[in-house]
Amino acid sequence: MATTNPDPSRLLDGVRVLDLTQYLAGPTCTRMLVELGADVWKVEFPPSGDPTRVVPPVLDDVSSAFIQHNRGKRSLCLRSEEHTSELQSPCNLVCRLLLE
């Protein structure tokens, strides 16, 4: 009897992740979760969003570093830091992982 191996690219299918990370290590980690099938929501804070949005090289106001580390993620921007605590509590109920 042949055994079937699960598709390793979909191991986290159905897992929702709230991504509050910035710069390099956190976004790289959550990108790997996307590659394994997780539904990652990237949260950015005003006024300019994720700091890697302006890291060169930038073409047409888009940083290749930002694209590389955040591809496949959904995006959410908060209007003020006051909303951060309001957002974290309800999202902990619907998200399996919260990365800061």
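This passage describes an internal cavity, one residue of its lining, and the cysteines of a predicted model.

Rolling a probe the size of a water molecule over the atoms reveals where empty space remains. A search of the whole structure identified 1 cavity of 30 Å³ or more. The largest cavity holds about 30 Å³ of space. Its lining is formed by Thr21, Gln22, Lys42, Val43, Glu44, Phe45, Gly49 and Asp50. Classified by residue type, this lining comprises 3 charged, 3 polar and 2 nonpolar residues.

Asp50, one of the residues lining the largest cavity, is located in the loop between strand E2 (39-44) and strand E3 (58-59). With a relative accessible area of 3%, Asp50 is buried, because buried denotes a value under 20%. The side chain of Asp50 forms a polar contact with the side chain of Thr52, at 2.7 Å. When neighbours within four places in sequence are set aside, the residues in contact with Asp50 are Thr21, Gln22, Tyr23, Lys42, Glu44, Phe66 and Asn70. Thr21, Gln22, Lys42 and Glu44 also belong to the lining of the largest cavity.

The cysteines were examined separately. Application of the sulfur distance criterion of 2.5 Å gave a count of 0 disulfides. Cys29 has a relative accessibility of 32% and is therefore partly exposed, as this class lies between the limits of 20% and 50%. Cys77, at 52% relative accessibility, is classed as exposed, because the exposed class begins over 50%.

Methods. Residues numbered from 1 in each chain as written. Predicted model: local features only at pLDDT ≥ 70, side-chain atom pairs only at ≥ 80, totals over all residues. Heavy atoms only, no water. 1 Å grid on protein atoms, 1.4 Å probe; cavity = no way out; pocket = protein on both sides within 12 Å on 5 of 7 lines; lining within 4 Å. Points joined across faces, edges and corners; volume = space filled by probe spheres on them. Nonpolar A, V, L, I, M, F, W, Y, C, P; charged D, E, K, R; others polar. Helix = DSSP H or I, 4+ residues; strand = E, 2+ residues; numbered from the N terminus. Buried < 20%, exposed > 50% of the residue type's maximum accessible area, 1.4 Å probe, protein only. Polar contact = N/O pair within 3.5 Å; in protein donor to acceptor, adjacent residues only side chain to side chain. Contact = heavy atoms within 4.5 Å.
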